[in-house]
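Q: I'm new to this structure and would like to learn how to read it. Can we go through it together, starting with confidence and then moving on to the sheet and helices?

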Amino acid sequence: MSFKLVISAISIAILSGCAFTVHDLPVNYQYSGEEIVLNLNKAPEVSIEDITDDRNVENPRMIMNMKNGYGQTTSGGWQAEKDLALIVKDALDQGISKAGLDSLKDHKVSISGQLVDVSSSVVSGWSKGTVNVKIAVKLTAKDPSGRILWRDTVYGDSSSEKVTMVKDGILQALNSALDNLVRNFLTDDYFHQQVLQ
């Protein structure tokens, strides 16, 4: 193990406490990305019905697990105030509302999905680090008869750089990744062709 890696592992352990401790980290997500402007002339009303968690994880609230001094993932880490699948649903709901797709009177399109990945990592520097977060959600849009109009996997990712506190970096990167996920969903060309036109 290199000297730098040893120092990084010791620093994380000191700053974070025991590697098996679970820390609460309320996300309280509010969309803060770019304004989403859509052509609503032909768009249907869209609603998010359900986002399930298809990850094989013990704690569906866990954002990032800690690693011990040997680089092994532990049960400790930082967890959100509720299941991450519910936070993703909230994010998509907020995006639909911001875009004005929740108040149209035309035929209704329902969207359901599965959270398939939330991955995160910390890249340590000598005094500051970078936190990376990536989210993947499989989404399916159906018309009122149950016919599938669109299906795709949407990704959101972000990094928070030059962070001195891991929890602040996680929160910043997660919120930005959710903003990115919402934006990628609502600006997806195939989604526009199959659902919004």
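A: Sure, let's start with confidence. This is a predicted model, and the protein chain averages a pLDDT of 87, with 88% of the residues scoring at least 70.

Q: Which elements have the lowest and the highest mean pLDDT?
A: Helix α1 (residues 3-16) has the lowest, at 43, while helix α2 (residues 84-98) has the highest, at 96. The pLDDT is below 50 over residues 1-16, a stretch that has 15 contacts in the model beyond near neighbours in sequence. As a general idea, where pLDDT is low, don't read the predicted coordinates in detail.

Q: On to the sheet. In what order do the strands come?
A: In general, strands of a sheet pair through backbone hydrogen bonds, and the pairing can be parallel or antiparallel. Here four strands make an open sheet, ordered β2-β5-β6-β7, with mixed pairing. At the edges sit β2 (45-53) and β7 (148-163), each pairing on one side only. From one strand to the next, the twist averages 25 degrees.

Q: How many bridges link β5 and β6?
A: Strand β5 (residues 108-124) and strand β6 (residues 129-142) pair over 14 bridges, in the antiparallel sense. To pick out one pair, look at serine 110: its bridge partner in β6 is lysine 142.

Q: And which strands do helices α2 and α4 lie across?
A: Helix α2 lies across β2, β5 and β6, and runs at about 170 degrees to β2. Helix α4 (residues 189-196) lies across β2, β5, β6 and β7, running at about 145 degrees to β7.

Key: Residues are numbered from 1 along each chain as its sequence is written. This is a predicted model: local features need pLDDT of at least 70, side-chain atom pairs count only at pLDDT 80 or more; totals for chains, interfaces and linings use all residues. Side-chain values use heavy atoms; hydrogens and water are left out. pLDDT is the predictor's confidence in each residue, from 0 to 100. Helices (H or I, at least four residues) and strands (E, at least two) are DSSP runs, numbered from the N terminus. Contact means heavy atoms within 4.5 Å. Two strands pair if DSSP finds at least two bridges between them. Axes are lines fitted to C-alpha atoms, for helices over the stretch in contact, and angles run from 0 to 180 degrees between N-to-C directions.
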